[in-house]
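Q: Could you walk me through reading a model like this one, feature by feature?

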Amino acid sequence: MLSGDVRCFCARCLKEFPKHIELDVNAPLADSLQDEDNPDIFLLEGDAVDLDEVFRTAFTFHMPQRLLCFEDCKGLCDRCGKNLNDGPCDCTAEADPRLAVLRQLLEK
Ligand SMILES: [Zn+2]
Ligand SMILES: [Zn+2]
């Protein structure tokens with residue numbers, strides 16, 4: 001079991017946030033790489049193993065693809081790039097009336 005605090009980037013708003021991770025990982029250690037396709041084998045360099053490296057590699061392989069700073073993260077505005085968790089941006093207020101008509105048509 002590996003655990004630690006890592007710094008992640010939110011997939012939606014790109015904000016950096018800390019996350020405590022526990023990984024149930026088998027990390028067999030080997031002094032030579034027998035199976036190059038197995039990412040869970042860590043090479044020993046001399047008699048020491050770089051635990052940091054083990055953790056980072058395991059983390060990369062076992063983490064879900066998308067991390068969010070919190071579940072309902074609103075992300076960034078496509079148009080101005082404002083972080084919408086901080087409040088609505090001006091783009092949403094001045095919606096193009098033609099687009100609004102189009103949206104109504106689509107909703108029907
Ligand atoms: Zn976020
Ligand atoms: Zn905007």
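**Reading the site and its surroundings**

A: Sure, and keep in mind that this is a predicted model. Let's warm up with a side chain: glutamate 16 has 37% relative accessibility, so it counts as partly exposed.

Q: Which residue does glutamate 16 meet in a salt bridge?

A: Its partner is arginine 7, at 2.9 Å from N to O. Arginine 7 is exposed, with a relative accessible area of 65%. The salt bridge count comes to 1.

Q: Now the metal. Which residues are the protein donors of the zinc ion (ligand 1)?

A: Look for the atoms that sit around the ion. Here they are the SG atoms of Cys10, Cys13, Cys69 and Cys73, lying 2.2 to 2.3 Å from the zinc ion. Along the chain their spacing reads C-x2-C-x55-C-x3-C.

Q: Why is the arrangement around the zinc ion (ligand 1) called tetrahedral?

A: Ideal angles for four tetrahedral donors are 109.5 degrees. In this site the 4 donor atoms subtend angles of 106 to 114 degrees, which makes the arrangement tetrahedral.

Q: Where do cysteine 13 and cysteine 73 lie?

A: Cysteine 13 is in the loop between strand S1 (2-9) and strand S2 (16-23), while cysteine 73 is in the loop between helix H1 (51-62) and helix H2 (90-93), so the pair ties together parts that are 60 residues apart in sequence. Both cysteines are buried.

Q: How many residues make up the largest nonpolar core?

A: There are 9, among them Val6, Phe17, Ile21, Leu67 and the zinc donor Cys10. S1 and S2 each supply at least two residues of this core. Beyond its neighbours within four places in sequence, cysteine 10 has contacts including Lys15, Phe17 and Leu67.

Methods. Residues numbered from 1 in each chain as written. Chains lettered and ligands numbered in written order. Predicted model: local features only at pLDDT ≥ 70, side-chain atom pairs only at ≥ 80, totals over all residues. Heavy atoms only, no water. Donors = N, O, S within 2.8 Å, 3.2 Å for Na, K, Ca; no water. Tetrahedral: all angles 85-135°; square planar, octahedral: opposite > 155°, others 65-115°. Helix = DSSP H or I, 4+ residues; strand = E, 2+ residues; numbered from the N terminus. Buried < 20%, exposed > 50% of the residue type's maximum accessible area, 1.4 Å probe, protein only. Salt bridge = Lys/Arg side-chain N within 4 Å of Asp/Glu carboxyl O. Core = buried A, V, L, I, M, F, W, Y, C linked by side-chain atoms within 4.5 Å. Contact = heavy atoms within 4.5 Å.
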